[in-house]
Every structure is written in C-alpha cells, then in structure tokens.
Amino acid sequence: MGSVAGKSTGEQVRDEQSGEDVFREFVIAVLLHNEAVADRLGLQPVDVAAAILLEMRGPLAVGTISEELGLPSASTTRLVDRLEKAGYVRRVRGAHDRRTVTVEPVAGGMADYEAACEASRRRLDEVGTHYGPEQAPLLLDMLVRIAGAYRTAARELRG
C-alpha cells in the first residue's frame with residue numbers, strides 16, 4: 001500500500017479497505033503475535049492462551065480449561081503438562097477428593113511471558129494515545145462483545 005500525501009497510515013487503510021478487511025487484518029495480527037510469543041517461549045499458541053486464562057481467572061479445574069479452550073480432555077492434559085514443565089503452572093490435588101485437580105499459576109511464572117509481550121504493550125500504549133479516556137469504555141465494550149461473538153461461533157463450529 002503506497003503512502004497518500006497528508007493522510008496517516010490509519011486513515012489510508014480505512015479509505016482503501018472495507019471494515020471487514022480491516023477486522024480480518026486485526027485478527028491475523030493478533031494470531032501472529034500470539035504465535036510469535038509462543039515461539040519465543042517454546043510453547044504452543046494454545047498453551048499461551050491457557051496461561052493467560054489462568055493468570056486472569058486464577059486456579060481452574062482441568063475440565064474448565066478444557067471447556068474454555070474447546071479442547072478434548074487428553075489435549076488439555078498435555079497442555080497442562082507443557083505449562084507445568086515450563087514452570088508456568090502447577091497441579092493441585094483436591095483436599096477432600098484427591099481425584100479432582102486444579103491448575104494454578106506459579107508465582108512469578110509469567111515473567112517470561114511478560115518480557116515477551118513488552119514490545120506489544122509499548123506499541124499498544126502508543127495506539128492508546130490516539131483516544132481519549134471517554135472513548136475507552138466504548139472500545140472495551142466492543143472488544144468484550146467481539147470476544148463473546150467469537151467464543152459463541154467457536155462453540156457452534158464444534159457443536
């Protein structure tokens with residue numbers, strides 16, 4: 001895409017691409033970033049998603065992780081094995097029922113992840129300077145709705 005005199009790259013993209021294409025570019029960028037982070041950490045992209053999920057929500061049952069990520073239980077077990085081996089999580093047996101297993105983040109276990117995401121956080125902070133504080137709730141609401149739409153669509157595809 002060539003430059004257009006007097007227009008920023010963002011304005012040019014909006015003029016030349018449909019909204020759907022812009023959104024597709026966004027999705028591709030997020031997927032590629034997650035893959036690059038996973039590569040840096042020696043993990044699979046779904047492992048990174050699981051580590052982020054555990055960091056956000058705290059300890060989760062293996063079945064909950066499986067459900068949230070749409071994975072079969074055997075795949076989730078292998079995922080937890082990889083995260084445990086890499087030092088991101090640990091398994092905790094239930095106090096009353098030893099058959100139940102909860103996966104919890106290890107304190108400081110996300111340090112490598114945080115370091116790998118430093119560049120993207122810096123870039124996203126730069127993007128944030130283009131928006132006022134009054135726009136943040138709208139942008140966050142849109143992201144929540146998009147995430148919900150994709151989760152629902154993924155369940156429909158698997159169901």
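How exposed is Leu139, by its relative accessible area? I started my notes with that one. Leu139 has a relative accessible area of 34%, so I put it down as partly exposed. A reminder to myself before going on: this is a predicted model.

**Entry 1: around Leu139**

I looked up where Leu139 sits, and found it in helix α8. I then checked its company on the surface. Leu139 joins Leu124, Val127, Tyr131 and Met142 in a nonpolar patch of about 460 Å². I also asked which elements supply this patch: α7 (118-128) and α8 are the ones that give two or more residues.

**Entry 2: the aromatic rings**

Next I went through the ring pairs, and the count came to two. One is Phe23 with Phe26, a tilted pair with 5.8 Å from centre to centre and 35° between the planes. I noted that both residues belong to helix α2 (residues 19-41), where they are three residues apart, or about one turn of the helix. I looked at their cover too. Phe23 is at 27% relative accessibility, which means partly exposed. Phe26 is at 40%, so I logged it as partly exposed as well.

Then I turned to Phe23 and Tyr150. Their ring centres are 6.0 Å apart and their planes are at 15°; planes under 30 degrees apart count as stacked, so I wrote this pair down as stacked. I liked this one for its reach along the chain: Phe23 is in helix α2 and Tyr150 in helix α8 (residues 136-158), with their positions 127 residues apart. Tyr150 comes out partly exposed, at a relative accessible area of 45%. Taken together, ring pairs link Phe23, Phe26 and Tyr150 into a cluster.

**Entry 3: the nonpolar core**

From the surface I moved inside. In soluble globular proteins, nonpolar side chains tend to be buried together. Here I found that the largest nonpolar core has 24 residues, and that Leu79, Leu83, Tyr88, Val89, Val103 and Tyr113 touch the most other members. Which elements give two or more residues to this core? My list reads α2, α3 (45-57), α4 (62-69), α5 (73-85) and β3 (101-105). Of the elements, α3 gives the most, with five residues.

**Entry 4: a closer look at Val103**

I picked Val103 from that core and listed its contacts, leaving aside neighbours within four places in sequence. Val103 is in contact with Leu54, Pro59, Leu60, Val62, Ile65, Val80, Val89 and Arg90. One of these, Val89, is also among the core residues that touch the most other members.

Key:
Residues are numbered from 1 along each chain as its sequence is written. This is a predicted model: local features need pLDDT of at least 70, side-chain atom pairs count only at pLDDT 80 or more; totals for chains, interfaces and linings use all residues. Side-chain values use heavy atoms; hydrogens and water are left out. Rings of Phe, Tyr and Trp (its six-membered ring) pair if their centres lie within 6.5 Å; planes under 30 degrees apart count as stacked, over 60 as edge-to-face and the rest as tilted. Helices (H or I, at least four residues) and strands (E, at least two) are DSSP runs, numbered from the N terminus. Buried means under 20% relative accessible area, exposed over 50%, partly exposed in between (1.4 Å probe, protein chains only). Patches are made of residues with over 30% relative accessible area and no salt bridge: like charges are joined within 9 Å, nonpolar side chains (Val, Leu, Ile, Met, Phe, Trp, Tyr) within 5 Å. Accessible areas come from the Shrake-Rupley method with a 1.4 Å probe; for residues, only the protein chains shown count as cover. A salt bridge is a side-chain nitrogen of Lys or Arg within 4 Å of a carboxyl oxygen of Asp or Glu. A nonpolar core is a set of buried Ala, Val, Leu, Ile, Met, Phe, Trp, Tyr and Cys residues joined through side-chain atoms within 4.5 Å. Contact means heavy atoms within 4.5 Å.
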